[in-house]
Amino acid sequence: MTSINVDKYKLSDKTAKLTAKDIIPVIQSSDSVETREFLQKITELLIDYVNIQNDRKEKILDFHHPEEMKMLLNLDVPEHAVTLQQLVKDCATTLKYQVKTGHPRFFNQLSSGLDVVSMAGEWLTATANTNMFTYEIAPVFILMENVVLSKMREIIGWKGGDSILAPGGSISNLYAFLAARHKMFPGYKDQGARALPGELVMFTSDQCHYSVKSCAAVGGLGTDNCVMVPSDEYGKIIPSELERLILERKARGQIPFFVNATAGTTVLGSFDSLNAIADICEKYNCWFHVDAAWGGGLLFSKKYRHPRFSGVER
């Protein structure tokens with residue numbers, strides 16, 4: 001059985017005693033030998049970890065309870081910069097006790113497997129140290145993003161439209177909620193609630209992701225105005241119940257404006273009847289959002305291409 005040896009990754013005596021203040025970018029040098037040595041040692045550690053976590057004989061996790069873990073780690077925030085050797089050792093210790101999500105026997109709904117090429121891409125983007133605000137600050141990445149998003153839309157059958165990359169499913173659902181309100185009530189951006197013709201209400205399955213209900217709280221509707229629609233024995237939203245609840249809320253004088261369907265629920269992996277829900281949304285002028293948690297949730301019948309539609313893939 002192999003394992004990360006925290007004492008293996010030794011720097012030269014000179015470099016080991018240095019700190020972050022002694023290497024690029026603090027020092028003015030086009031090629032710092034010490035900087036190169038430090039980064040090469042970190043790279044060596046990372047490559048070893050990639051190989052170790054792919055070893056079926058290796059444990060997925062060297063588990064310790066929190067109090068035990070605190071004794072194995074030095075989590076104090078130092079007053080002064082620590083040495084480069086200590087940083088290397090800390091990196092090795094971190095990986096030693098990390099869950100090996102790339103292990104062949106590790107299975108999880110969110111983290112599973114390691115794509116080495118993608119990992120190299122992460123190294124590249126971290127080194128570039130840029131952001132995606134404008135073409136001026138990230139010309140190559142902006143062009144790449146446009147190509148990737150265009151290709152993704154093409155895969156689901158859309159030749160036009162627009163899309164964004166988001167940091168996760170929860171934020172994606174919030175983006176969809178905000179986009180729906182802005183599209184249907186554009187005055188809200190400047191005037192706030194004064195621009196609304198009444199009290200808004202949204203609908204989602206009782207099997208939906210928890211983040212959908214939080215949209216009502218964060219977006220100012222209030223969770224009481226996030227109506228949970230019953231699901232059937234398979235975990236699928238019941239379209240007739242959705243329509244009944246929409247009519248019920250309309251009778252109260254509220255304004256149904258947003259319906260969330262799920263393509264792959266958290267518990268059962270159920271796919272809601274998207275076309276039936278889409279017809280109801282079109283009938284009552286609601287924005288139709290699909291939380292495509294399992295990917296491919298947007299691949300439903302092309303008959304529904306309503307302008308009030310959004311979808312996310314987590």
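Helices, here DSSP runs of H or I of at least four residues, are numbered from the N terminus, and in this predicted model the loop between helix H1 (13-16) and helix H2 (33-53) contains Pro25. The peptide bond that leads from Ile24 to Pro25 is cis, with omega near 10 degrees.

The chain as a whole comprises 11 helices and five strands. Its radius of gyration is 25 Å, well over the 20 Å that the globule rule gives for 314 residues, so the chain is more spread out than a compact globule. Along the principal axes, the C-alpha trace spans about 80 × 45 × 40 Å. Of the 314 residues, 37% count as buried, and the surface that the chain exposes amounts to about 19000 Å², of which 56% is supplied by carbon and sulfur atoms. When contacts between residues at least 6 apart in sequence are considered, 64% of them join residues at least 24 apart. With respect to charge, the chain carries 34 positive and 36 negative side chains, and the centres of these two sets lie 4 Å apart.

Backbone geometry was also examined at two asparagine residues. Asn129, although it is not a glycine, has a positive phi of about 55 degrees; the residue is placed in the loop between helix H5 (116-128) and helix H6 (139-155), where a relative accessible area of 67% makes it exposed. Asn285 likewise has a positive phi, of about 60 degrees, without being a glycine, and it is found in the loop between H11 and strand S4 (287-292). With a relative accessible area of 38%, Asn285 is classed as partly exposed.

The loop that precedes helix H11 (274-284) and follows strand S3 (255-262) holds Ser270. Ser270 is buried because its relative accessible area, 7%, falls under the 20% limit. When residues up to four places away in sequence are not counted, Ser270 touches Tyr234, Gly235 and Lys236, together with Thr262, Ala263, Gly264 and Thr265. Gln85, by comparison, belongs to helix H4 (residues 84-96), and its relative accessibility of 18% also places it in the buried class. Apart from neighbours within four places in sequence, the residues in contact with Gln85 are Tyr9, Lys10, Leu11 and Ala16; of these, Ala16 falls within the residue range of helix H1 (13-16).

Cysteine residues were considered next. A search of the whole structure finds zero disulfides. For Cys215, the closest cysteine sulfur is that of Cys226, at a distance of 8.0 Å, which is too far for a bond, because a disulfide requires the two sulfur atoms to be within 2.5 Å. The relative accessible area of Cys215 is 3%, and the residue is therefore assigned to the buried class. Cys91, whose residue number falls in the range of helix H4 (residues 84-96), is partly exposed, with a relative accessible area of 33%.

How values were computed:
Residues are numbered from 1 along each chain as its sequence is written. This is a predicted model: local features need pLDDT of at least 70, side-chain atom pairs count only at pLDDT 80 or more; totals for chains, interfaces and linings use all residues. Side-chain values use heavy atoms; hydrogens and water are left out. Buried means under 20% relative accessible area, exposed over 50%, partly exposed in between (1.4 Å probe, protein chains only). Contact means heavy atoms within 4.5 Å. The radius of gyration is taken over C-alpha atoms; the globule rule is 2.2 Å times the number of residues to the power 0.38. Accessible areas come from the Shrake-Rupley method with a 1.4 Å probe; for residues, only the protein chains shown count as cover. Lys and Arg count as positive and Asp and Glu as negative; His and the chain ends are not counted. The place of a charge is taken as NZ of Lys, CZ of Arg, CG of Asp or CD of Glu.
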